[in-house]
Amino acid sequence: MKTKNFLIILFGLFTGHLLLAQQPKYELFWVENFNGSAINEKYWSKIPRGESDWNRHMSDESSLYEVKNGNLILRGKINKNIVPEDSSPYITGGVYTKDKKMLTFGKVEVRAKLQGAKGAWPAIWMLPNKGRWPDDGEIDIMERLNHDSIAYQTVHSYYTYVLKEENNPPHGSVHRIDPDDYNVYAVEILPDSLIFSVNGSHTFTYPRIETTLKGQYPFGTPFYILIDMQIGGNWVGEVNPEDFPAEMKIDWVKMYVLKQ
């Protein structure tokens, strides 16, 4: 019996060390603390307006952007003659690192505080620096709707969006957040999986699987970060003007490269 117990303990120690050895290792290579008084244009650009739900109200109006007290503040507003020449009912602020700061394999962490509002849809996510949507993938590190106390984390691709293969494997998850304080949202981008977390707690893993279907795991090219304060759209639903303006505050952004 003693010998058997010893062998069990020895096996447990061995497998524990093996698991530790298999954990990915990262090296920090970029930190954005927003310690200045303006957006650092070396790394960030304002997101231009587009035709999708998420970017149809993007604006470069200066009052939507502020760097203050070590935070980037992005605002969503009802456009009551703030920009008279703009016919959009809402205007929103968003930034991205496209063509400026990208990551292929590694980890991204963002610490952010989100103000709840009916119709608010703040997001922290990633897109490929080259390629087209949805074929080349999308990584949603965080999306929050209205006053929710949960955040959505989702993977999109040709496989999930066009072929509708959303459950083999599951392509998203929700996790509880502190709706009134800062939370840390993260994703690890690995050759064989995407690993998501909130406040250091693992939420879900999206693995590469063996399949003959197109585009199941299009990750392995440089991706950039988008952070935007979105308003309205089919998913988030009706907007209550009395809840705006609304803000999202970004304390810091960290990128780690995967060590080979």
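**Entry 1: S4 and its partners**

I began with the pairing of S4 and S17 in this predicted model. S17 covers residues 246-258, and five bridges join S4 to this strand. The two run antiparallel. I looked up one bridge in this pair: Gly76 has Ala246 as its partner in S17.

Next I checked S5, residues 90-92. S4 and S5 pair over three bridges, again in the antiparallel sense. Here Gly76 turned up once more, standing opposite Thr92 in S5. I noted that Gly76 has bridge partners in S17 and in S5.

Then I went to S3, residues 65-68. Four bridges join S3 to S4, and the strands run antiparallel. Tyr65 stands opposite Leu74 in S4. S3 and S4 form a hairpin with two residues between the strands. Asn69 in this hairpin takes a positive phi near 55°.

**Entry 2: how S4 is covered**

Why is S4 largely enclosed by the rest of the structure? I counted its buried residues: eight of the eight in S4 (residues 71-78) are buried, so the strand is largely enclosed.

I then split the strand by face. In a regular strand the side chains alternate between the two faces of the sheet. On one side of S4 I listed Asn71, Ile73, Arg75 and Lys77. On the other I listed Leu72, Leu74, Gly76 and Ile78. All of these are buried, and both faces of S4 are covered. I marked Arg75 and Lys77 as buried members of the first list.

**Entry 3: S11 and its partners**

I moved on to S11, residues 150-156. Five of its seven residues are buried, so S11 too is largely enclosed by the rest of the structure.

Which strands pair with S11? I found S10, residues 138-143, pairing with S11 in the antiparallel sense over four bridges. Glu138 has His156 of S11 as its bridge partner. I also found S12, residues 172-176, joined to S11 by five bridges. S11 and S12 run antiparallel. Thr154 stands opposite Gly172 in S12.

S10 and S11 form a hairpin with six residues between them.

**Entry 4: Asn146**

I looked closer at the turn of that hairpin. Asn146 lies in the loop between S10 and S11. Its phi is positive, about 55°.

Is Asn146 buried or exposed? Its relative accessible area is 18%. The cut-off for buried is under 20%, so Asn146 counts as buried.

I listed its contacts, leaving aside neighbours within four places in sequence. Asn146 is in contact with Gly116, Ala117, Lys118, Gly119, Ala120 and Val236.

**Entry 5: Tyr26**

I turned to S1, residues 26-32, where Tyr26 is found. Which residues does Tyr26 touch, not counting those up to four places away in sequence? I got Gly106, Lys107, Glu188, Leu190, Tyr256, Val257, Leu258 and Lys259.

I also checked one C-alpha distance. Tyr26 and Met255 are 229 residues apart along the chain, and their C-alpha atoms are separated by 9.3 Å.

**Entry 6: Gly220**

Gly220 lies in the loop between S15 (201-207) and S16 (223-231). I read a relative accessible area of 37%, and Gly220 is partly exposed. Not counting residues up to four places away in sequence, Gly220 touches Thr104 and Phe105.

I took a C-alpha distance here as well. Gly220 and Glu85 are 135 residues apart along the chain, and their C-alpha atoms are separated by 42 Å.

**Entry 7: the whole chain**

I closed with totals. The protein chain has two helices and 17 strands. Its C-alpha trace spans about 80 × 45 × 35 Å along the principal axes.

Which radius of gyration does the protein chain have? I found 20 Å. A compact globule of 260 residues would have a value near 18 Å, which agrees.

Of the 260 residues, 48% count as buried. I looked at contacts between residues at least 6 apart in sequence: 71% of these join residues at least 24 apart.

The protein chain exposes about 13,300 Å². Carbon and sulfur atoms supply 50% of that area.

Last, I checked the charges. There are 28 positive and 32 negative ones, and their mean positions are 6 Å apart.

Methods: Residues are numbered from 1 along each chain as its sequence is written. This is a predicted model: local features need pLDDT of at least 70, side-chain atom pairs count only at pLDDT 80 or more; totals for chains, interfaces and linings use all residues. Side-chain values use heavy atoms; hydrogens and water are left out. The radius of gyration is taken over C-alpha atoms; the globule rule is 2.2 Å times the number of residues to the power 0.38. Buried means under 20% relative accessible area, exposed over 50%, partly exposed in between (1.4 Å probe, protein chains only). Contact means heavy atoms within 4.5 Å. Accessible areas come from the Shrake-Rupley method with a 1.4 Å probe; for residues, only the protein chains shown count as cover. Lys and Arg count as positive and Asp and Glu as negative; His and the chain ends are not counted. The place of a charge is taken as NZ of Lys, CZ of Arg, CG of Asp or CD of Glu. Two strands pair if DSSP finds at least two bridges between them.
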